[in-house]
Amino acid sequence: MPRSSHYTGLAGVSDDRAVKAGVLLVNLGTPEAPTAKALRPYLAEFLGDPRVIEYPRWLWWLILHGVILRIRPPRSAHAYGRIWTPQGSPLRVGSEALAARLQTELDQRALGPIRVALAMRYGEPSVAHQIEQLQRDGVRRLLILPLYPQYSATSTGSVIDAVADSFKTLRWPPELRVVNDYHDDPGHIEALAQSIERWWAVNGRGNKLLLSFHGIPERYVQAGDPYFQQCQTTARRLRERLELDESQLLLSFQSRVGRERWLHPYTDATVRELAAQGVKRLDVACPGFAVDCLETLEEIAMQNRDFFVEAGGQELRYIPALNDSDGQVASLAALALRHMQGWPEAGA
Ligand SMILES: C=CC1=C(C)c2cc3[nH]c(cc4nc(cc5[nH]c(cc1n2)c(C)c5CCC(=O)O)C(CCC(=O)O)=C4C)c(C)c3C=C
Ligand SMILES: [Fe+2]
Ligand SMILES: [Fe+2]
């Protein structure tokens, strides 16, 4: 009989004192560089995900590889080039900063060791790689926290797929919990409201506040995706908290791709209409994005600003995402600890 000390297990965890909880933040992912060459594999993985594009597989494969991956990479690369920083893609830089600050916050607030890591759904570091790494570090209880406040099958659902796939490869997967969404979490709504109020205290108020969420095809919502309803609830809660009415706080959907009908009203049409109605200063916030990225910094703060001004508006002012602000760090730490309740690291 071999001695029990020979059995250290695949995860390398030989001893209960090493057991830890882990929080895996997951964001969408971003290309490695603002170039067509780097965009191609990123878009191939993203747009090849059946959660994102619900078309017959073979037909979509032909369209994706025959048309889209020839046309889109240079266009997207140009857009990324407008927002790229010396440190890299804003989505990566912002997500890493948030993960680092969340680690510090949980070190202070938790009862036991909690390891925070960041994965990207598309590109690196992958969900599977980070889960393996956390296991090697002794994590036996794992909370997945997708950085999407509203659930959609195309975003959160796809993260859950990646976690499930990675678990299939593990002999002894950790205990698992998943945050499905936090669209109406009071701490999150308060963090959003305070960040908007602080921004107004410095810059003054515009004539209206537009909340622009990433769109998805309408067909997905008709098939049962709760995303539209959750965006509406986030907007309603913010409207109540900021004491605005429906003419002062509006909701729209951005980032449409392809020809099919996506969620309405569209952001680009909305900013043009508002300008045509005589709105001069329009404030736009994007509460569906935890961290600033291409869709906020380029599509809203540049493209839609130009649409608004071309249609007769004076100023479109983008209010930044929560990023690694104190409000976001505190609300996500509280959310994580609540979801880990009953685990020794988090407390009762
Ligand atoms: C074509 C289908 C797409 C669906 C459905 C979709 C849903 C969706 N996306 C996000 C968050 C982000 N999307 C981002 C970029 C982006 N999105 C799509 C397409 C769909 N998204 C594409 C092709 C791209 C890449 C850029 C481009 O070529 O236009 C980003 C930013 C990434 C970055 O690097 O900065 C985010 C974040 C959500 C939350 C969502 C469903 C609710
Ligand atoms: Fe997207
Ligand atoms: Fe976009």
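Reader: How do the residues of the shell around ligand 1 divide into nonpolar, polar and charged?
Author: This is a predicted model. The shell around ligand 1 holds 21 residues. Charged residues number two and polar ones nine, while the nonpolar ones come to ten.

Reader: Which of the 21 residues around ligand 1 come nearest?
Author: Helices α2 (57-83), α5 (153-168) and α10 (294-310) each supply at least two residues of the shell. Within the shell of 21, the nearest are Thr30, Ser76, Val257, Cys293 and Leu294.

Reader: Where does ligand 1 lie with respect to domain 1 and domain 2?
Author: Domain 1 covers 36-83 and domain 2 covers 186-319. Both give residues to the shell, so ligand 1 lies between them.

Reader: Which residues does the UniProt annotation "binding site" cover, and why do they gather at one spot?
Author: The annotation comes from an unreviewed UniProt entry and covers His214 and Glu295. They span 82 residues in sequence, yet their C-alpha atoms are no more than 8.0 Å apart, so they gather at one spot. The residues asked for are His214 and Glu295.

Reader: Is His214 buried or exposed?
Author: His214 sits in strand β5, residues 208-214. A residue with 20 or more other C-beta atoms within 10 Å is buried. His214 has 26 such neighbours inside 10 Å, so it counts as buried.

Reader: Is Glu295 buried or exposed?
Author: Glu295 belongs to helix α10. Leaving aside neighbours within four places in sequence, its contacts are His214, Gln254, Ser255 and Phe289. Within 10 Å of Glu295 there are 21 other C-beta atoms, so it is buried.

Definitions and conventions:
Residues numbered from 1 in each chain as written. Chains lettered and ligands numbered in written order. Predicted model: local features only at pLDDT ≥ 70, side-chain atom pairs only at ≥ 80, totals over all residues. Near = placed C-beta within 6 Å. Helix = DSSP H or I, 4+ residues; strand = E, 2+ residues; numbered from the N terminus. Nonpolar A, V, L, I, M, F, W, Y, C, P; charged D, E, K, R; others polar. Domains from an automatic or database assignment. UniProt positions renumbered as here; feature names shortened; annotations may be inferred. Buried ≥ 20, exposed ≤ 12 C-beta atoms within 10 Å, placed from the backbone. Contact = placed C-beta atoms within 7 Å.
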